[in-house]
Amino acid sequence: MIRSFTIRLAIIGVALGLAACAGNPMGSAPMGTMAAGPAAPPPPPPAPPSLYQRLGGQPAIVAVVDDFVGRVAADRRINRYFRHANIARLKQGLVDQVCQATGGPCVYQGPPMRVVHHRMHVTNRAFNDLVQDLVATLNKFNVPQPEQQELLGILGPLRADIVGV
């Protein structure tokens with residue numbers, strides 16, 4: 001009984017295999033693939049995710065900026081530079097800048113950093129203190145070191161437009 005079942009199953013398998021190859025002189029490739037010429041190259045691998053995506057997108061950037069601005073406001077070393085700032089506009093500008101700089105869909109529409117910081121007399125030390133606050137915030141949100149370094153590498157060149165102008 002088991003043997004006759006096995007034989008029937010084998011016959012069905014062979015019949016299905018022959019039916020799949022029917023009409024194909026090569027016996028294995030589907031119809032049309034041999035005559036179509038060389039196979040198309042495989043599609044390129046997808047682009048790696050942008051820093052914006054790796055950071056978590058706009059919701060994560062908003063959370064980081066909120067914490068960062070609060071941290072700066074509490075930092076006696078540098079909070080004097082922000083005493084006349086419109087905090088809501090500052091936060092939105094920072095979100096837009098970081099979003100745009102990291103490959104997100106935002107567009108920073110505020111004035112250039114040189115204009116914003118004109119006559120503020122920001123020192124190198126104050127800039128470094130600000131970076132320390134940013135790193136502390138990034139650590140609080142468990143942003144991995146490679147992403148932190150990439151972000152700081154993007155924002156670092158702004159030093160020339162902020163310090164001493």
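**Helices 3 and 4 and residue D67**

Student: At the start of helix 4, which residue has a side-chain oxygen that reaches the backbone nitrogen of A88?

Tutor: Helices here are DSSP runs (H or I, at least four residues), numbered from the N terminus. The oxygen comes within 3.2 Å of the nitrogen of A88, and it belongs to N86. The model is predicted: local features need pLDDT of at least 70, side-chain atom pairs count only at pLDDT 80 or more, and totals for chains, interfaces and linings use all residues. Residues are numbered from 1 along each chain as its sequence is written, and side-chain values use heavy atoms, without hydrogens and water. The residue asked for is N86.

Student: What span should helix 4 have at 1.5 Å a residue?

Tutor: The expected span is 1.5 Å times one less than the number of residues. Helix 4 has 15 residues, and its end C-alpha atoms lie 21 Å apart, which agrees with the expected 21 Å.

Student: Is D67 buried or exposed?

Tutor: D67 is found in helix 3. Buried means under 20% relative accessible area, exposed over 50%, and partly exposed in between (1.4 Å probe, protein chains only). At a relative accessible area of 16%, D67 is therefore buried.

Student: Which side chain does a polar contact of 2.7 Å join to that of D67?

Tutor: Leaving aside neighbours within four places in sequence, D67 is in contact (heavy atoms within 4.5 Å) with T137, K140 and F141. A polar contact is a pair of N or O atoms within 3.5 Å; within protein, one must be able to donate a hydrogen and the other to accept it, and residues adjacent in sequence count only if both atoms are side-chain atoms. The partner at 2.7 Å is K140.

Definitions and conventions: Helix = DSSP H or I, 4+ residues; strand = E, 2+ residues; numbered from the N terminus.
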